[in-house]
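This briefing concerns the aromatic side chains of one protein chain and the fold that holds them. Please consult the sequence and the coordinates alongside the points that follow.

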Amino acid sequence: MPEDAIRLSWFSFSLSGEAKRWLHSFKGNSLETWDEVVEKFLKKYFPDSKIAEGKAAISSFHQFPDESLSEALERFHGLLIKTPTHGFLEPIQLNIFIDGLRP
């Protein structure tokens, strides 16, 4: 069985609520490849405005005065996860995080 077919068949099990209804709204085999599903899903649930907002939050990251290093790292990681299509490469992520830390 092709990898795309496996991903497509299992993807619906990872969804719930509105996202599951969205996926089932496509008729028959209108979504034929995994790349098509990913593209449509990201357009639906991560529109450009949401991506821009997430990228701004990531790039303006600063450690809070009463926040420990581990808490800051956890919060920064949460920002990255919240916007999975942020496009920041790992070295850039590291620079943003380090630059946002208190002395």
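W22 is buried, because its relative accessible area of 9% falls under the 20% limit for that class. The model in question is predicted. Its chain contains 6 helices and 0 strands, and ring pairs join W22 with F11, F26, W34, F41 and Y45 in a cluster.

**Aromatic pairs**

- The count of aromatic pairs comes to 10.
- One of these pairs is F11 with W34: the ring centres are 5.4 Å apart and the planes stand at 85 degrees, so the arrangement is edge-to-face. The angle is decisive here because planes over 60 degrees apart count as edge-to-face.
- This pair connects distant parts of the chain, since F11 belongs to helix α1 (residues 3-11) and W34 to helix α3 (residues 34-45), with their positions 23 residues apart in the numbering.
- F11 and W34 are both buried.
- W22 and Y45 also form an edge-to-face pair, with 6.0 Å from centre to centre and 85 degrees between the planes.
- Distant parts of the chain are again linked by this pair: W22 lies in helix α2 (residues 17-24) and Y45 in helix α3, 23 residues apart.
- Helix α3 thus takes part in both contacts, through W34 in the pair with F11 and through Y45 in the pair with W22.

**Charged groups over rings**

- Y45, the partner of W22, also has K44 over its ring face, at 5.9 Å from the ring centre.
- The face of F64 is covered by R75, which lies 3.9 Å from the ring centre.

**Overall fold and dimensions**

- In sequence order the chain follows the pattern α-α-α-α-α-α.
- The radius of gyration of the chain is 18 Å, whereas a compact globule of 103 residues would have a value near 13 Å.
- The C-alpha trace spans about 55 × 25 × 20 Å along its principal axes.

**Burial, contacts and surface**

- Of the 103 residues in the chain, 26% are buried; W22, F11 and W34 are among them.
- Among contacts between residues at least 6 apart in sequence, 52% join residues at least 24 apart.
- The accessible surface of the chain amounts to about 7,500 Å², and carbon and sulfur atoms contribute 60% of that area.

Terms used
Residues numbered from 1 in each chain as written. Predicted model: local features only at pLDDT ≥ 70, side-chain atom pairs only at ≥ 80, totals over all residues. Heavy atoms only, no water. Phe/Tyr/Trp six-rings, centres within 6.5 Å; stacked < 30°, edge-to-face > 60°. Helix = DSSP H or I, 4+ residues; strand = E, 2+ residues; numbered from the N terminus. Buried < 20%, exposed > 50% of the residue type's maximum accessible area, 1.4 Å probe, protein only. Lys NZ or Arg CZ within 6 Å of the ring centre and 35° of its normal. Rg over C-alpha atoms; globule rule 2.2 N^0.38 Å. Contact = heavy atoms within 4.5 Å. Areas by Shrake-Rupley, 256 points an atom, 1.4 Å probe, with all protein chains shown as cover.
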